[in-house]
Amino acid sequence: MEKLFIFDTTLRDGEQVPGCQLNTIEKIEVAKALEELGVDVIEAGFPVSSPGDFNSVVEISKAVTWPTICALTRAVEKDIEVAAEALKYAKNKRMHTGIGTSDLHIKYKFNSTQEEILNRAVAAVSYAKKFVEDVEFYAEDAGRTNNEYLAKVVQAVVNAGATVINIPDTTGYCLPTEYGEKIKYIVEHVDMKNAILSTHCHQDLGMATANSIMGVINGARQVEVTINGIGERAGNTSLEEVVMAIKSHKELNIETNINTQKIYPLSKMVSNLMNMPIQPNKAIVGRNAFAHSSGIHQDGVLKNLSTYEIIDPKEVGIKDNSIVLTARSGRHALKSRLNLLDIKVDADELSQIYTKFLELADRKKDINDEDLLILCGRELNSTNRIKLEYLQISSGKGMKSVAVVTLNIAGEKFTNSSFGNGPVDAAIKAVREIIKRQVTIQEFLIQAINKGSDDLGKVHMQIEYNDVVYYGFSANTDITTASVEAFIDAINKIPV
Ligand SMILES: CC(=O)SCCNC(=O)CCNC(=O)[C@H](O)C(C)(C)COP(=O)(O)OP(=O)(O)OC[C@H]1O[C@@H](n2cnc3c(N)ncnc32)[C@H](O)[C@@H]1OP(=O)(O)O
Ligand SMILES: CC(C)C(=O)C(=O)O
């Protein structure tokens, strides 16, 4: 097996996303998690860009032990000097310098010529080599750079001592075949000495993962990726997609150092810290990536997981696949869930329950265990029936939020009040003090269903209790009510 190096740029390209900026402590938290995940290189920032970014590179260098810490620069001496200073404490360090090589960049960004740009590229690599041994060169907009000129630049920077050559499809323009041929062209026309080629693909046309894999198939031995695919504009190649594609296709004879079971927890961490929700259908880490909601699929999965699952969710750190009961579910899935609830039914009873189930599912979309128990006419376990009866909130600018909550638990009423840093926090705290279970909220997503200030707020909540994950959902025009109900919906699923 040949090794594919994983270069993570969540903290540099990922952090360029508006609203995703992290403070130094948060960046250290992500960097340490990336180290545990097993990435080979962490691009920690662009030190010349601000004192905060400089400081983050310094602190990440101190905190991380074995992955190489990389700092980005332009082909500018000052950038290189500042990056060298920021990398002072890194045990393994790399400088990532480069310049735009496409005609568009040469003409409009630099008002320059191919020859002058080639000289600046070589000068930058030579200057960076004075400070660090490991110098990566990026040919920005290589995706739209003429292959002949690109190969000439690559040869020149390899001769100047570059150890890794990054071929970015900066604008996400290339087709997979085109990008693969570009990498092949360089492999065939450049004496790479000991240097390796790297991919850095963007998602503007949704082809970042395909392009990266084509790069690898054609000879690249490093991929630049981010957790959840975050990054400039439509994003970068996502780490989880490339790693799992490589792992799933053993015939490629390529391996990475990634401990894939850490993927999902890290994806959640990045999403939470960066306030960047993961789209539910995101490959590998989306809420629905391993959820089966239609009857034919559910039937297949219940008979044998491999009918509709190419990856065991546990391999990426997801505790189990989930069968979501919806109006698209069939009798097999319904019966399986009833069995789990210890409800045994014969074929006639199943048909009757199924008819009622479909009526409810058309109205309610997501059918939970409590709904099923009601459909089956079963008495619910008394401590498992928590309902929100009353919620009063005082909140606004310049005042502390306070919530008064009344819960009905198996017919008995409990009232409590609490302060919080906002209305949702106050209300959830008030509920927590009543129910007293030590649950952690792992995901909390509020989305408007349509448009307008009168819209319904849809809330998905994921909580963990005793190492098991439970999902809650609610929708309401009052988002605080929806949030509390989603929390309670999840708690109601915890077996008593
Ligand atoms: C494709 C990528 O993702 S590259 C990384 C993008 N990340 C960032 O830009 C974030 C950090 N950037 C910054 O903080 C700032 O833009 C800085 C500190 C780098 C530069 O700030 P300023 O000096 O004010 O320049 P400004 O950003 O306005 O313009 C960029 C300048 O760099 C030049 N430049 C751009 N890329 C390169 C490069 N790779 N090598 C050399 N010069 C470059 C531009 O031509 C322009 O120069 P000019 O002033 O002679 O026209
Ligand atoms: C700086 C380079 C590697 C980059 O981010 C890009 O070209 O997209």
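Let's start where two helices meet: the axes of H8 (residues 208–217) and H9 (residues 239–248) come within 10 Å of each other and cross at roughly 45°. Bear in mind that this is a predicted model. With that angle falling outside the parallel, antiparallel and perpendicular ranges, H8 and H9 are therefore oblique to each other. The crossing of H8 past H9 is right-handed.

Which residues make the contact? On the H8 side they are Thr209, Ser212 and Ile213, and on the H9 side Glu241, Val242 and Ala245. Sorted by class, this contact holds three nonpolar residues, two polar ones and one charged one. The spacing along each helix may look familiar: an α-helix has 3.6 residues a turn, so residues three or four places apart point the same way.

Now follow H9 into its surroundings. Seven of its ten residues are buried, so H9 is largely enclosed by the rest of the structure. Those buried residues are Leu239, Glu240, Glu241, Val242, Val243, Met244 and Ile246. Their cover includes H8, strands E2 (5–8), E9 (222–225) and E10 (254–255), and helix H10 (263–273).

Stepping back, we come to the nonpolar cores. The largest has 89 residues, and within it Ile42 and Ile165 touch the most other members. Helix H5 (residues 114–129) gives the most to this core, with six residues. If you centre your view on Ile165 and set aside neighbours within four places in sequence, you will find it in contact with Phe137, Val154, Val157, Val158, Ala195, Leu197 and Ser198. Apart from this core lies another, of 24 residues, including Ala403, Ala427, Tyr471 and Ala490.

Definitions and conventions: Residues numbered from 1 in each chain as written. Chains lettered and ligands numbered in written order. Predicted model: local features only at pLDDT ≥ 70, side-chain atom pairs only at ≥ 80, totals over all residues. Axes fitted to C-alpha atoms, helices over the stretch in contact; angles between N-to-C directions. Helix = DSSP H or I, 4+ residues; strand = E, 2+ residues; numbered from the N terminus. Parallel < 35°, antiparallel > 145°, perpendicular 65-115°, else oblique. Left-handed = near helix turned anticlockwise from the far one by under 90°. Contact = placed C-beta atoms within 7 Å. Nonpolar A, V, L, I, M, F, W, Y, C, P; charged D, E, K, R; others polar. Core = buried A, V, L, I, M, F, W, Y, C linked by C-beta atoms within 7 Å. Buried ≥ 20, exposed ≤ 12 C-beta atoms within 10 Å, placed from the backbone.
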